[in-house]
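Me: I am new to protein structures and would like a close look at one part of this one. Could you walk me through the patch of charge on the surface and what lies around it?

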Amino acid sequence: MKNLVHILLVAVLFSCSPHERDHHTHYNIQAALDPGTNLFSANLQMVLVARQEYRDSICFNLNPDLNIHALAAQELEHYLFRVSDSGRLVLYLDDPVSPGDELQISMSYSGHLPGNGTTLLDPSTGWYPVNENSHPCTYMMKLALPGSWKVSNPGTYTGEHGKWLIQSLEPKEAVRILVTPR
């Protein structure tokens with residue numbers, strides 16, 4: 001009976017996973033942005049669904065002005081992220097990752113984003129790690145903003161403590177967040 005309950009619990013957990021059903025990369029992000037200073041910080045959990053084989057490393061684009069405070073991933077040997085690499089984050093893997101495999105990555109990072117009063121968070125600002133084969137993706141994001149700012153994406157709402165909840169359970173090409181004055 002105990003094994004049956006365990007099997008049913010595992011089936012329910014996998015059936016409720018937004019990235020498992022459609023087999024897309026999924027981002028969970030908790031972030032804060034001050035559009036006046038462009039100061040940005042985030043805690044990110046990503047489930048990357050591999051579309052190709054990665055033998056010893058996998059690369060992501062990330063704004064080189066961001067500082068990584070913590071990074072963990074399964075099968076991670078070490079990583080490189082230097083300003084001289086122009087925003088190239090390289091994860092070196094212990095074991096190869098095959099097409100269809102899921103690679104779970106967690107990171108904490110912060111820094112200043114480019115621009116004068118950031119109002120659009122999109123991949124061109126490098127605010128989140130993007131692998132060229134991670135499109136399309138789904139996401140759920142909680143974004144803290146100063147009180148004079150709001151998120152203008154459709155389907156968003158303010159949650160607890162003034163954080164904005166933005167999500168897409170339908171696959172999108174990228175995570176784009178529009179921030180405007182109230």
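Reply: Let's begin with a term we will need: a residue is called buried when its relative accessible area is under 20%, exposed when that value is over 50%, and partly exposed in between. Keep in mind that this is a predicted model.

With those cut-offs we can place E75, which has a relative accessible area of 34% and is therefore partly exposed. E75 sits in the loop between β4 and β5 (76-80). The backbone at E75 is worth a look too, since phi is positive there, about 65°, although E75 is not a glycine.

E75 belongs to the patch you asked about. On the surface, D56, E75, E77, D94 and D95 gather in a patch of negative charge. Why can E75 be part of such a patch? Patches are made of residues with over 30% relative accessible area and no salt bridge, and E75 passes the area cut-off because its value is 34%. Another member, D56, is found in the loop between β2 (39-49) and β3 (57-61).

Now look for charged residues that do pair up. Under the rule used here, there are two salt bridges. One joins E53 and R55, whose closest N and O atoms are 3.7 Å apart. Of these partners, E53 is partly exposed because its relative accessibility is 37%, while R55 has a relative accessible area of 61% and so counts as exposed.

The other salt bridge links D85 with R82, and here the closest N and O atoms are 3.2 Å apart. D85 has 26% relative accessibility, so D85 is partly exposed. R82 is also partly exposed, at 43%.

Next comes S86, which lies in the loop between β5 and β6 (88-93). S86 also has a positive phi, near 55°, and is a residue other than glycine. With a relative accessible area of 61%, S86 counts as exposed.

Let's go back to β4, the strand before the loop of E75. Strand β4 covers residues 66-73 and includes A72. A72 is partly exposed, because its relative accessible area is 43%. Leaving out residues up to four places away in sequence, A72 touches Q104, I105 and S106. You can also find S108 from here: A72 and S108 are 36 residues apart in sequence, yet their C-alpha atoms are 9.4 Å apart in space.

For a contrast with the surface, turn to V175. V175 is in the loop between β12 (164-172) and β13 (177-181). Is V175 buried or exposed? Its relative accessibility is 0%, so V175 counts as buried. If we again leave out residues up to four places away in sequence, V175 touches Y27, L121, D122, P123, W127, Y128, C137 and Y139. T138 is 37 residues from V175 in sequence, and the C-alpha atoms of this pair are 8.2 Å apart.

Finally, let's step back to the chain. It has two helices and 13 strands. Of its 182 residues, 41% count as buried. The accessible surface comes to about 9,800 Å², and carbon and sulfur atoms account for 53% of that. Among contacts between residues at least 6 apart in sequence, 70% join residues at least 24 apart. The A72 and S108 pair, 36 residues apart, and the V175 and T138 pair, 37 residues apart, are good places to start exploring.

Conventions
Residues are numbered from 1 along each chain as its sequence is written. This is a predicted model: local features need pLDDT of at least 70, side-chain atom pairs count only at pLDDT 80 or more; totals for chains, interfaces and linings use all residues. Side-chain values use heavy atoms; hydrogens and water are left out. Patches are made of residues with over 30% relative accessible area and no salt bridge: like charges are joined within 9 Å, nonpolar side chains (Val, Leu, Ile, Met, Phe, Trp, Tyr) within 5 Å. Accessible areas come from the Shrake-Rupley method with a 1.4 Å probe; for residues, only the protein chains shown count as cover. A salt bridge is a side-chain nitrogen of Lys or Arg within 4 Å of a carboxyl oxygen of Asp or Glu. Lys and Arg count as positive and Asp and Glu as negative; His and the chain ends are not counted. The place of a charge is taken as NZ of Lys, CZ of Arg, CG of Asp or CD of Glu. Helices (H or I, at least four residues) and strands (E, at least two) are DSSP runs, numbered from the N terminus. Buried means under 20% relative accessible area, exposed over 50%, partly exposed in between (1.4 Å probe, protein chains only). Contact means heavy atoms within 4.5 Å.
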